[in-house]
Amino acid sequence: MTPKTMTSKLRTCLLAIAAAGLVGSATTAAAVAHPPEDAPGRGGKDRALQKSLDALVSEDKFPAAFAWVRKDGRTSSLVSGSARLGEQAKVPHDGYVRAGSNTKTFTAVVVLQLVGEGKVGLDEPIETYLPELVRGDGIDGRKITVRQLLQHTSGLPNYTEHIGLENFARIQHTFFHPHDLLAAALAHPAEFAPGAKWKYSNTNYLLAGMLIEKVTERPVQEQITERVIRKAGLRHTSWPQPGDQTLPKPHARGYALSSLENGKVIDATRMDPSWGGAAGQMISTPSDLAKFARLLLDGKLLAPEQLAEMRKTVDAPLMPGWRYGLGVLSIPLSCGGVYWGHGGDIDGYETRGGATDDGRSVGLAVTALPGTFGDAEKSAKAVMSATDTAFCN
């Protein structure tokens, strides 16, 4: 695969909100790798991870890479690259990023909390809560359950494939309303019958957010903030307010392709993330994402019955061994076992990580989507390999 091509399989593989064509070619622009000597956690136990982060910058051309790791009672924060393309700007440890599809896990937690409160039924059709809203060619909300939405087995078309993300510069500062996003999806036929198979679709979580608002009669961002972010004590995680295109400081700038056609790289740090919605709008840091995964697995956010439902998985044929639960992935590790997390891809930032049942937790980020500065498939695999190193070392 050349930098100017990218298969639909790999787009799906990236689990990107922007997966509908945002990763592709770019004019290679080198970033200088200079991990600061005073970086926390640069001891011998972190050398393998530091080497992986440095390779993401020097070999895969990501402008910056950074990771937060906790295992064996020890916390490490490592960085590589530059906070600004073409300069030697120090990368902030555990800087803010756009969290992309990690938002889905937060959304799923709130839905499952409502299930535990008896306000939502997992195997009830979405029609029960959003009557006559989910209709289209081969699409009938009376036949799609809440569980199928959370597990990506609904067959609903993916709205991010139909809103112009392949020309990111055109929509970078555009505000999208959730109902417009839903209309973009429902204008296309169903991918398959509900429950027939698994396929990633952001439309599922767009509807999950609408479900939350209908049942609670409150904004989804408020419910996620009150029920998850504050409950988990995540001090650096937030849902941007309407019209807010900024990223809190400190952060490394994120970069994206202006369009797949011209391959020009632009600064994507400032953007309107409204098209992500309940599927991918949130802002966080690697440490907060890792802590969130840790608290979730430890049963601090869901009752045992709902956490067990979340961990019931189906095969997710993205990469070998990957399985999808309700808003969470189970991903095999080279050192044995699996980690539970999600990951997120949105213009400017890719995040990976999660937690294991034995206490390890990881958050890792790079400041561009795979393929922005080189071979998409190679760089996507390199990010996953670095995440595996963070867990396994």
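This tour goes from a helix pair to a pocket, then to the cavities and a disulfide. The model is predicted.

**Stop 1: two helices**

Select residues 202–216, helix α7, and residues 220–232, helix α8. Their axes come within 9 Å and cross at roughly 85 degrees. Angles of 65 to 115 degrees count as roughly perpendicular, and α7 and α8 are therefore roughly perpendicular to each other. Now show the side of α7 that makes the contact: Gly209, Ile212, Glu213 and Thr216. From α8, add Val220, Gln221 and Gln223. By class, this contact has two nonpolar, four polar and one charged residues.

**Stop 2: the largest pocket**

Keep Glu213, Val220 and Gln221 on screen, and add Pro178 and Trp239. These five lie nearest the centre of the largest pocket, among its 22 lining residues. The space in this pocket is about 360 Å³. Colour α6 (178–186), α7, α8 and α9 (277–280). Each of them gives two or more residues to the lining. Which element gives the most to the lining of this pocket? Helix α7 does, with four residues. The lining has 13 nonpolar, eight polar and one charged residues.

**Stop 3: the largest cavity**

The count of cavities of 30 Å³ or more comes to three. Start with the largest, which has a volume of about 170 Å³. Select Leu289, Ala293, Gly341, His342 and Gly354. Of the 22 residues that line this cavity, these are the closest to its centre. Next, show α3 (102–116), α10 (286–297), β12, β14 (349–355) and β15 (361–366). Each supplies at least two residues of the lining. Helix α10 gives the most, with six residues. By class, the lining has twelve nonpolar, eight polar and two charged residues.

**Stop 4: the second largest cavity**

About 40 Å³ of space lies here. To find it, select Gly155, Leu156, Pro157, Asn158 and Glu161. Then add Glu191, Phe192, Lys199, Tyr200 and Ser201 to complete the lining. The classes are four nonpolar, three polar and three charged residues.

**Stop 5: the disulfide**

How many disulfides are there? The count comes to one. Select Cys335 and Cys392, whose sulfur atoms are 2.0 Å apart. A disulfide is a covalent bond between the sulfur atoms of two cysteines. Turn the view to look at the S-S bond of Cys335 and Cys392: the angle about it is -70 degrees, and the link is left-handed. Finally, trace the chain around each end. Cys335 sits in the loop between β11 (329–332) and β12 (338–341). Cys392 belongs to helix α12 (residues 376–392). The pair links distant parts of the chain, 57 residues apart.

Notes
Residues numbered from 1 in each chain as written. Predicted model: local features only at pLDDT ≥ 70, side-chain atom pairs only at ≥ 80, totals over all residues. Heavy atoms only, no water. Axes fitted to C-alpha atoms, helices over the stretch in contact; angles between N-to-C directions. Parallel < 35°, antiparallel > 145°, perpendicular 65-115°, else oblique. Contact = heavy atoms within 4.5 Å. Nonpolar A, V, L, I, M, F, W, Y, C, P; charged D, E, K, R; others polar. 1 Å grid on protein atoms, 1.4 Å probe; cavity = no way out; pocket = protein on both sides within 12 Å on 5 of 7 lines; lining within 4 Å. Points joined across faces, edges and corners; volume = space filled by probe spheres on them. Disulfide = S-S within 2.5 Å.
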